[in-house]
Amino acid sequence: MKQISVASPNLNGNEKRYVNDCMDTTQISSGGGGKYIVEFERAFAEFCECKYAASCCNGTVALHLALLALGIKEGDEVIMPVITYIATANAVRYVNATPVFTDVDKDGWNIDVKKIEEKITPNTKAIIVVHLYGNPVDMDAVMEIAKNHNLYVIEDAAEAHGAVYKGKKVGSIGDIGTFSFFGNKVITTGEGGMVTTQNEQIDRKVRLLKGQGVDAQKRYWHLAVGYNYRMTNLEAAIGLGQLENIEEHIANRIKIRQKYYSLLEPYSDYMEFQKTTAQSISINWMTSIIFTSKVKLDRDTICRKLEERGVETRPVFYPINSMPPYKDNESFPVAKYIAERGINLPTHDLLKEEDVEFICNCLLDIIGLME
Ligand SMILES: *Cc1c(COP(=O)(O)O)cnc(C)c1O
């Protein structure tokens, strides 16, 4: 039986050649200013329209570094959406600050910007926005609120490499952008991350902290309690190969969404898509749909039946405050609706048009819509 996975990397560029170069030269680690690290950071900064980009070992520590660089600490509150990957909240806990959850909007599934201000207290220091599944947040509204209340803005762009808001790349708009290069992301290094900024001071702080706090001028002289959060040259070699083809990777994702839309649009009474506004370009990390109340089967049953036919899907992220480490009783009705009824459909570079047709046919058959 055909197996269709929800995500898969496409390593069809120079990745292997660059990795072999690392092997041949023994430059596999992170020391000595590895040439692929330097080049990957330079090219990624350019791609994101940012002055600075600092590599690190994954997207979670990219968030940790961002919070540390901004001086977020115990007693501080950080506003964030209640629907995101768990790492966004965990990073806030790593610095002993408190994540303050906010409901999401029912169209774009991102933080509901109309509900941010009611969450602000004298302890609020920052807002982390998450461009969920590659769909840009309404950044003008967020930046306006941040300016009025003197708050930092971190863009968790782990799912949104190359997404555009009003002509600007995500990760270039807030004080800091963070990215992940995990195996299922838009581009991958296996494990990896990046911290982007337009601010030299912030970039310097991030670099200090990710490299054990060592003085840039004096070896083995440490100025702060830092971390070993470095990316290896080997990972950066893969990343550079990936980045060279990122426009093609993104175009493929957008094409896949269009194919899904064209096949599922006639059933819009039964399924709603995550919506993008006219001012944004979503890079469609995961094509995502919600089953409306007209669908009688529950979401998990639909996923299981798709799995039986070889089609892997994922549920939309659970609201963070429904899980043990963050459990509270605050209700987020929109998040609840989306999380109970939403799924991510297979979305990756190697997926073919006929795969999308097969997936849609399975889905329509399972929910009883095939004539
Ligand atoms: C993947 C992801 C992260 C974490 O990245 P890792 O590289 O897996 O540590 C953080 N935030 C969001 C929104 C993500 O999707």
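How many disulfides does the structure hold? The count is 0. Please keep in mind as we go that this is a predicted model.

Let us look at two of the cysteines. Cys-22 takes part in no disulfide, and the nearest cysteine sulfur, which belongs to Cys-57, is 17 Å away. Since a disulfide needs two cysteine sulfur atoms within 2.5 Å, that distance does not qualify. Cys-22 has 0% relative accessibility, so it counts as buried. Cys-48 is in no disulfide either, with the sulfur of Cys-50 as the nearest cysteine sulfur, at 5.3 Å. Cys-48 is buried as well, because its relative accessibility is 1% and buried means under 20%.

Now let us turn to the ligand. There are 15 residues around it, and those that come nearest are Gly-59, Thr-60, Glu-159, Ser-180 and Lys-185. Three of these can be followed atom by atom. Gly-59 is there through its backbone: one of its polar backbone atoms is 2.7 Å from an oxygen atom of the ligand. With Thr-60 it is the side chain that matters, since an N or O atom there is 2.5 Å from a ligand oxygen. Glu-159 also brings in its side chain, where an N or O atom is 2.5 Å from an oxygen atom of the ligand. How much of the ligand does the protein bury? Taken alone, the ligand exposes 380 Å², and the protein buries 93% of that.

Which elements give two or more residues to the shell around the ligand? They are helix H3, covering residues 59-69, and helix H4, covering residues 87-94. H3 gives the most, with 3 residues. By residue type, the shell around the ligand divides into 5 nonpolar, 7 polar and 3 charged residues.

Staying with H3, we can pick out His-64, which lies in this helix. Is His-64 buried or exposed? It is buried, because its relative accessible area is 5%, and the limit for that label is under 20%. The side chain of His-64 makes a polar contact with the side chain of Tyr-229, at 2.9 Å. Leaving out residues up to four places away in sequence, His-64 touches Ala-91, Tyr-94, Val-95, Tyr-227 and Tyr-229. Tyr-229 therefore appears both in the polar contact and in the list of residues that His-64 touches.

Our next stop is helix H5, made of residues 139-149, where Ala-146 is found. Ala-146 counts as buried because its relative accessibility is 4%. Beyond its neighbours within four places in sequence, Ala-146 is in contact with Leu-151 and Val-153. Ile-116 is 30 residues from Ala-146 along the chain, and the C-alpha atoms of the two are separated by 9.8 Å.

We finish with two loops and the backbone angle phi. Tyr-133 sits in the loop between strand S4 (124-130) and H5. Its phi is near 55°, a positive value in a residue other than glycine. Lys-166 is found in another stretch, the loop between strand S6 (164-165) and strand S7 (168-169). Lys-166 has a positive phi too, of about 45°, although it is not a glycine. What are the relative accessible areas of Tyr-133 and Lys-166? For Tyr-133 the value is 0%, so this residue is buried. For Lys-166 the value is 43%, so this residue is partly exposed.

Methods
Residues are numbered from 1 along each chain as its sequence is written. This is a predicted model: local features need pLDDT of at least 70, side-chain atom pairs count only at pLDDT 80 or more; totals for chains, interfaces and linings use all residues. Side-chain values use heavy atoms; hydrogens and water are left out. Buried means under 20% relative accessible area, exposed over 50%, partly exposed in between (1.4 Å probe, protein chains only). A residue is near a molecule or strand if one of its heavy atoms lies within 4 Å of it. A polar contact is a pair of N or O atoms within 3.5 Å; within protein, one must be able to donate a hydrogen and the other to accept it, and residues adjacent in sequence count only if both atoms are side-chain atoms. Accessible areas come from the Shrake-Rupley method with a 1.4 Å probe; for residues, only the protein chains shown count as cover. Helices (H or I, at least four residues) and strands (E, at least two) are DSSP runs, numbered from the N terminus. Ala, Val, Leu, Ile, Met, Phe, Trp, Tyr, Cys and Pro count as nonpolar, Asp, Glu, Lys and Arg as charged, and the others, Gly among them, as polar. Contact means heavy atoms within 4.5 Å.
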